[in-house]
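I opened the file to look up a few local features. My notes follow in the order I took them.

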Amino acid sequence: MSLTERASWKALTAHHAQVGTRTLRELFAADAERGTRYTLEAAGLFLDYSKNRVDDQTLKLLSALAEDCGLLERRAAMFRGDAINTTEKRAVLHIALRAPATQKIVVDGANVVADVHAVLDRMVTFANAVRSGAWRGHSGKRIRHVVSIGIGGSDLGPVMAYEALRHYSQRDLDLRFVSNVDGTDFKEATRDLDAAETLFIVCSKTFTTQETLTNAHAARAWSLQQLGDEKAVARHFVAVSTHAEAVTQFGIAAENMFGFWDWVGGRYSMDSAIGLSTMIAIGPDNFRAMLAGSHAIDEHFRSAAIGQNLPVLHGLLSIWNNNFLGATTAAVLPYDQYLKRFPAYLQQLTMESNGKHVTQDGKPVGVDTAPILWGEPGTNGQHSFYQMIHQGTRLVPCDFIGFCNSLNPLGTQHDLLMANLFAQSEALAFGKTAGEVAAEGTVPELVPHRVFEGNRPSNTLLADRLTPETLGALVALYEHSVFTQGVIWGIDSFDQWGVELGKVLAKRVQGELAAPNPELKHDSSTNALIRRYRSSRNH
């Protein structure tokens with residue numbers, strides 16, 4: 001049965017026709033307790049979802065939709081280790097990356113949690129050696145710079161986590177990241193570094209990712225140019241990979257390869273050895289605390305009833321806003337500078353996971369999936385794109401994220417920051433009518449320009465402060481929200497075939513750019529662009 005043919009979907013469609021025109025002003029006026037009733041708390045995260053255009057019946061019908069679409073069964077299958085990534089026939093077990101050592105998850109006869117902790121223990125030993133100075137470079141100098149080389153999930157997660165937890169980092173260690181195959185990225189990251197004090201972490205599961213390996217070989221050449229000895233590679237490079245032969249051929253010692261598993265998708269891998277740079281920066285104890293925060297949300301997601309389940313509710317509200325209110329985009333707006341890369345991280349998590357047009361059985365989904373996600377930290381965004389959110393023609397549901405206590409208190413600045421967060425969500429919800437604008441003495445011709453329609457939905461997520469545990473909880477919240485939405489749409493949230501075609505074509509074009517006189521068999525536009533580039537380069 002297609003999604004739109006389900007009775008639960010039809011019930012929501014009929015319900016929307018009845019209540020779709022009700023405003024947040026009306027909903028709040030009808031329920032004096034709405035602001036406290038429509039809240040939920042778990043694992044240190046507090047969610048106020050009262051400023052969504054829903055009522056009790058909406059929430060009841062959304063829960064019924066989740067049950068009808070098999071969310072409970074699908075959730076159980078994931079935690080069991082079933083191969084729910086159907087197109088690749090793989091288990092989906094990022095939840096095992098943060099499971100305590102006492103837990104067992106058996107896949108193909110092996111307890112994967114034990115494997116996870118074996119790698120974690122090796123990571124701890126290595127990270128402590130680098131942090132203490134016990135790990136020395138080829139010339140005997142202490143490592144002072146760590147450069148992580150990866151792309152996609154092998155980069156976005158570590159970059160986000162490092163920036164988010166910079167407050168907890170060891171400040172005499174300089175962490176940098178290289179992902180773009182554009183040579184500028186590598187050149188700028190290494191321009192002022194001494195190879196004798198630099199450690200590279202090459203993150204590639206197969207050790208074949210084109211962009212990552214190109215940058216890794218550039219790093220190898222850069223290092224040897226300064227150090228002059230092939231043996232230096234073993235002291236200045238480690239790998240996060242599963243391809244021992246390729247890693248060894250590169251010059252990295254086998255004992256300095258940290259593995260992970262095919263049941264870890266790239267965008268879900270920051271808790272695995274992909275997070276080695278994070279562990280080096282913040283230390284093993286803080287890294288384990290981050291894992292514990294994610295595990296706390298995992299357990300809540302696994303055990304809480306649908307109506308009281310924080311990630312499920314977040315995902316269902318996204319379904320409502322996207323598929324019934326017509327919001328094709330969503331904004332994540334963290335009011336904390338440390339979370340400046342969090343929206344970019346969530347872009348991959350949400351859009352690579354759920355940017356699909358067919359269901360698991362290959363049939364058209366029939367509804368919109370994966371709203372376009374974007375955002376910037378407040379208050380910067382207020383002076384950039386909030387104009388469109390408040391008075392534009394598009395509906396943009398927003399997630400505001402804030403903390404009750406600052407890690408860097410400075411006078412009354414945190415109060416000002418949080419005042420802006422609360423004010424923005426209030427303004428989006430309730431706006432300002434023409435009558436209210438006129439009552440302020442506004443001249444008639446300016447009244448339309450100063451009207452705020454309001455009725456624009458938002459969530460507010462609050463926590464005490466940004467700790468490693470809190471970051472872990474936030475990551476897991478969005479992971480399971482994405483999972484929930486994918487189950488409703490009936491898609492495989494854990495493959496990413498959409499990235500393949502461009503890679504294949506790029507490899508073909510790369511050969512044509514290198515060949516002396518290639519025969520071009522693309523479309524007329526691509527052929528012309530290739531010819532123009534070939535005739536203009538190096539001039």
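Which residue in β6 stands opposite I149? I found V178 there. I keep in mind that this is a predicted model.

**Entry 1: strands β5 and β6.** I looked at the pairing next. β5 covers residues 145-149, and its pairing with β6 is parallel, over five bridges. I then checked burial in β6, which spans residues 174-178. Four of its five residues are buried, so I noted the strand as mostly covered. I also followed the chain between the two strands. Helix α7, residues 153-164, joins β5 and β6 in a β-α-β unit, and I recorded its hand as right-handed.

**Entry 2: helix α1.** I took the length of α1 first. The helix runs over residues 7-19, which makes 13 residues. From first C-alpha to last I get 18 Å, close to the 18 Å expected at 1.5 Å a residue. Next I listed its buried residues: S8, W9, L12, H15 and V19. Why do they line one face of the helix? Viewed down the axis of α1, the buried residues fall within an arc of 120°, so they share one face. On the face turned away from that buried side I found the exposed residues A7, A17 and Q18. I then asked what covers the buried residues of α1. The cover includes α4 (56-68), α14 (310-324) and α20 (468-489).

**Entry 3: nonpolar cores.** I turned to the largest nonpolar core, which has 120 residues. Which of them touch the most other members? I noted W263, F342 and L471. Helix α20 gives this core its largest share, twelve residues. I picked L471 for a contact list, leaving aside neighbours within four places in sequence. L471 is in contact with M160, A161, A164, L165, M290, L339 and L466. I also logged a second core, separate from that one. This second core has 26 residues, including A189, A195, A196 and A246.

**Entry 4: N321.** My last lookup was one residue. N321 sits in helix α14. Is N321 buried or exposed? Its relative accessible area is 5%, and buried means under 20%, so N321 counts as buried. I listed its contacts without residues up to four places away in sequence. N321 touches N52, G326, A327, P397 and P457. I note again that α14, the helix holding N321, is among the elements covering the buried residues of α1.

Methods:
Residues are numbered from 1 along each chain as its sequence is written. This is a predicted model: local features need pLDDT of at least 70, side-chain atom pairs count only at pLDDT 80 or more; totals for chains, interfaces and linings use all residues. Side-chain values use heavy atoms; hydrogens and water are left out. Buried means under 20% relative accessible area, exposed over 50%, partly exposed in between (1.4 Å probe, protein chains only). Two strands pair if DSSP finds at least two bridges between them. A crossover is right-handed if, with the strands pointing away from the viewer, the path from the first strand over the helix to the second runs clockwise. The expected span of a helix is 1.5 Å times one less than its number of residues. The arc is that of the directions from the helix axis to the C-beta atoms. Contact means heavy atoms within 4.5 Å. A nonpolar core is a set of buried Ala, Val, Leu, Ile, Met, Phe, Trp, Tyr and Cys residues joined through side-chain atoms within 4.5 Å.
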